[in-house]
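Here is a short walk through one protein chain, written for someone meeting it for the first time. Have a look at the picture, then read on.

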Amino acid sequence: MSFKSIVRELKEMKDGIGNVSRRGSAGRRWRSRTRSHIAPDHAAPPPTSVEQGRWANLPPELLLDIIQRVEESETSWPSRAVVVFCASVCKSWREITKEIVKTPEQCGKLTFPISLKQPGPRECPIQCFIKRDRATSTYLLYFGLIPSEDERDKMLLAARKIRRATCTDFVISLVADDFSRASSTYVGKLRSNFLGTKFTIYDTQPPCEAAIQSNSRLNRRFSSKQVSPRVSACNYSVGTVSYELNVLRTRGPRRMHCVMDSIPISCLQEGGSVPTPSLFAHSFDEPSSPSPASKGKDKVTEFSSTSLLDIPVPVPGSGEPLVLKNKAPRWHEQLQCWCLNFRGRVTVASVKNFQLVAAVDPSHKISAAEQEKVILQFGKIGKDIFTMDYRYPLSALQAFAICLSSFDTKPACE
């Protein structure tokens with residue numbers, strides 16, 4: 001069987017196993033079609049079991065060669081979904097696919113959902129764009145330069161803005177139709193203070209083993225009687241975004257600082273690295289039933305967005321956290337406005353536009369090239385459409401959360 005026929009057959013398997021990925025558009029179309037059918041009295045064996053039996057018996061050497069060829073040929077979305085389908089065939093395919101697919105830092109590609117929590121590439125940034133829906137207060141992050149005409153863009157993350165009495169929350173999810181904290185698609189949130197001048201970034205899992213060990217005793221305090229089975233026991237504070245107050249009401253862009261508690265400043269030094277998660281944290285996804293003795297006595301506690309524990313994450317190692325600052329723009333006399341070189345990625349002037357670079361001290365011994373490198377840039381290109389380009393050491397989740405802070409109202413900073 002030729003390599004092209006193998007890829008073609010894998011694509012044909014998409015309808016059978018596409019529902020494994022909740023974010024796959026093909027999977028959603030498959031589920032919408034199956035809802036209209038009546039289930040038979042005796043459940044027939046799933047179609048994937050036939051496919052799995054035929055493909056699971058391939059020799060490991062041949063299987064490795066097939067998946068390597070697929071991974072190298074399908075480099076962009078939506079065709080890269082075939083790599084995800086390979087991991088959905090069976091356990092042996094999944095293990096080999098996980099070994100072959102590298103992190104975004106190593107290959108510059110986004111493949112599995114965990115890639116959104118891993119740092120981006122060191123050289124070329126990953127280019128994305130954000131669509132804002134004012135009616136529903138939602139923000140969708142897509143992979144790509146600009147929106148395509150056929151609307152087949154790959155959605156990466158979604159956020160919903162929730163206004164509260166004393167703060168504003170941006171709940172971040174892997175899907176655009178489920179922002180419940182009890183859902184397995186919930187990945188984090190962004191919370192502002194009362195004035196909208198300081199934001200805290202929360203993740204559902206700590207980025208390093210040290211944080212897991214330091215909080216393991218605290219997590220054991222929550223039993224199945226106390227916590228809803230599908231709610232994470234705590235959020236981990238991984239960074240803060242602060243905007244300087246503009247007391248004198250002077251003209252100019254917003255001034256912001258980001259302290260990334262989960263990223264050490266040493267990651268920008270030669271040979272430095274960032275803690276990289278390889279799997280999503282196993283929270284309380286498994287359904288649990290109360291014991292007979294507890295029935296009718298203990299009720300499952302329903303946690304609001306303010307009742308779950310918010311735990312700060314210690315900086316990996318003994319170094320200082322990475323601090324980002326917005327790159328100072330220059331005043332253009334002819335245009336009479338503040339300007340930054342976005343290299344064609346931003347076309348509309350807006351107070352929300354910014355570029356972030358590392359704020360370092362000479363004692364950190366970081367090269368001048370690293371200090372000038374733009375780690376995150378965000379800007380407007382149309383009505384309710386914004387670009388977001390990020391690179392190492394930020395992840396897509398962290399970059400998206402920082403950009404979401406720009407959408408909140410800040411009358412004291414403008």
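## A first look around

Aspartate 169 is buried, with a relative accessible area of 0%; buried means under 20% relative accessible area, exposed over 50% and partly exposed in between, using a 1.4 Å probe and protein chains only. This is a predicted model, so local features need pLDDT of at least 70 and side-chain atom pairs count only at pLDDT 80 or more, while totals for chains, interfaces and linings use all residues. Residues are numbered from 1 along each chain as its sequence is written, and side-chain values use heavy atoms, with hydrogens and water left out.

Back to aspartate 169: its side chain makes a polar contact with the side chain of arginine 164, at 3.0 Å. A polar contact here is a pair of N or O atoms within 3.5 Å; within protein, one must be able to donate a hydrogen and the other to accept it, and residues adjacent in sequence count only if both atoms are side-chain atoms.

**Strands side by side**

Aspartate 169 belongs to strand E4 (residues 168–173). Strands (E, at least two residues) and helices (H or I, at least four) are DSSP runs, numbered from the N terminus. Two strands pair if DSSP finds at least two bridges between them. E4 pairs with E3 in the antiparallel sense over six bridges, and the two form a hairpin with four residues between them. Within that pairing, lysine 161 has phenylalanine 170 in E4 as its bridge partner.

What about E3 itself, strand residues 154–163? Seven of its ten residues are buried, so E3 is largely enclosed by the rest of the structure. Strand E2 (residues 138–143) also pairs with E3, antiparallel and over six bridges; there, threonine 138 is matched with arginine 160 in E3.

Further along the chain, the pairings can be set out in a table.

| Strands | Sense and bridges | One bridge pair |
|---|---|---|
| E8 (residues 256–264) and E10 (residues 321–326) | antiparallel, five bridges | cysteine 258 and leucine 324 |
| E10 and E13 (residues 354–358) | antiparallel, three bridges | asparagine 326 and leucine 356 |

**Rings and charges**

How many aromatic pairs does the count come to? Eight, where rings of Phe, Tyr and Trp (its six-membered ring) pair if their centres lie within 6.5 Å, and planes under 30 degrees apart count as stacked, over 60 as edge-to-face and the rest as tilted. One of them joins phenylalanine 199 and tyrosine 243: the centres are 6.0 Å apart and the planes at 75°, so the pair is edge-to-face. It links distant parts of the chain, with phenylalanine 199 in strand E6 (residues 198–203) and tyrosine 243 in strand E7 (residues 234–243), 44 residues apart. Phenylalanine 199 and tyrosine 243 are both buried.

Phenylalanine 386 and phenylalanine 407 have ring centres 5.0 Å apart and planes at 90°, so this pair is edge-to-face. Phenylalanine 386 sits in strand E15 (residues 385–390) and phenylalanine 407 in the segment after helix H11 (396–405), 21 residues apart. Both phenylalanine 386 and phenylalanine 407 are buried, and they belong to one aromatic cluster with Tyr139, Phe170, Phe354 and Phe378.

Charges turn up over rings, too. Arginine 122 lies over the face of tyrosine 392, at 3.8 Å from the ring centre, and the charged end of lysine 189 sits over the ring of tyrosine 202, 4.9 Å from its centre. The rule asks for NZ of Lys or CZ of Arg within 6 Å of the ring centre and within 35 degrees of the ring normal.

**One covered helix**

As for H11, ten of its ten residues are buried, among them Phe400 and Cys403.
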